Amino acid sequence: MAEAYDPGNIFAKILRGEIPSHRVYEDDAIVAFMDVMPQGTGHTLVVPKAPSRNMLDADPATLGPLFAVVQKIAVAVKKALDADGVTIMQFNEPASGQTVYHLHVHVVPRFEGVPLKPHSGQMEKPEVLAENAGKIRAALGG
Ligand code: AMP
């Protein structure tokens, strides 16, 4: 049986506004903000507001709108950071590398010849996250 959703997870706290994030997008169902330990410049997380641990227990009705926003963010980060490509990743349960148990999708701008940094590696400086968030918001037209 799937493990229960824990409303004390860090993304639930971000969604409730209890801890800060560098937001780039929000609508009724979805929020996107900068990953604090980016695997590449402009690494953004797209997070549905509906609670689920991951893809395995998510309401299928969440997934269409979620991936529509993933596409929107992928286009925006590529434009904002003048990237050559975009890697999209999503992890389910510890064996896969998941560390935060609220469904989210990673959108990582990619540059020719630049490898991904380690998952959950080094913290980025807040000013760098703020600058990249500003560029992405501008590319989204907001
Ligand atoms: P996952 O391993 O797929 O669960 O990814 C969780 C991601 O959340 C990692 O890439 C972390 O760097 C990132 N992360 C952890 N805490 C925060 C936070 N407070 N704000 C933004 N991103 C975070």
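Which space is taken by the ligand? In this predicted model, the answer is the largest pocket, and the close-up views below start there before moving on to a cavity.

**View 1. The largest pocket is the space that the ligand takes.** Its volume is about 330 Å³, and 22 residues line it. If you would like a place to start looking, try the centre: the lining residues that lie nearest to it are Phe11, Asp35, Val36, Met37 and Leu45. Two elements, helix H1 (10-15) and strand S2 (30-34), each give two or more residues to this lining. H1 gives the most, with 3 residues. Sorted by class, the lining holds 12 nonpolar residues, 9 polar ones and 1 that is charged.

**View 2. A shell of 18 residues surrounds the ligand.** Here the picture shifts from the pocket to the molecule inside it. The closest residues are Asp35, Thr99, His104, His106 and His119. Asp35 may look familiar, as this residue is also among those nearest the centre of the largest pocket. H1 and S2 each supply at least two residues of the shell, and the largest share, 3 residues, comes from H1. By class, the shell divides into 10 nonpolar, 7 polar and 1 charged.

**View 3. Polar atoms of Val36, His106 and His119 lie a few ångströms from ligand atoms.** Let us take them one at a time. In His119, a polar side-chain atom lies 2.5 Å from an oxygen atom of the ligand. The side chain of His106 has an N or O atom 2.7 Å from a ligand oxygen. With Val36 the backbone takes part: one of its polar backbone atoms is 3.4 Å from a nitrogen atom of the ligand. Taken alone, the ligand exposes 500 Å², and the protein buries 93% of that.

**View 4. A search of the whole structure finds 1 cavity of 30 Å³ or more.** About 60 Å³ of space lies in this largest cavity. To find your way around its lining, look for Met34, Asp35, Pro38, Gly40, Thr41, Gly42 and His43, which are among the residues there. Further along the chain, Lys117, Glu124, Val128, Leu129 and Asn132 also line the cavity. Helix H3 (residues 126-139) gives the most to this lining, with 3 residues. The classes come out as 4 nonpolar, 5 polar and 3 charged residues.

**View 5. Asp35 links the views of pocket, ligand and cavity.** This residue lies among those nearest the centre of the largest pocket, and Asp35 is also one of the closest residues to the ligand. Asp35 appears once again in the lining of the largest cavity.

Methods
Residues numbered from 1 in each chain as written. Predicted model: local features only at pLDDT ≥ 70, side-chain atom pairs only at ≥ 80, totals over all residues. Heavy atoms only, no water. 1 Å grid on protein atoms, 1.4 Å probe; cavity = no way out; pocket = protein on both sides within 12 Å on 5 of 7 lines; lining within 4 Å. Points joined across faces, edges and corners; volume = space filled by probe spheres on them. Helix = DSSP H or I, 4+ residues; strand = E, 2+ residues; numbered from the N terminus. Nonpolar A, V, L, I, M, F, W, Y, C, P; charged D, E, K, R; others polar. Near = heavy atom within 4 Å. Polar contact = N/O pair within 3.5 Å; in protein donor to acceptor, adjacent residues only side chain to side chain. Areas by Shrake-Rupley, 256 points an atom, 1.4 Å probe, with all protein chains shown as cover. Sits in = over half its atoms within 2 Å of the grid points.
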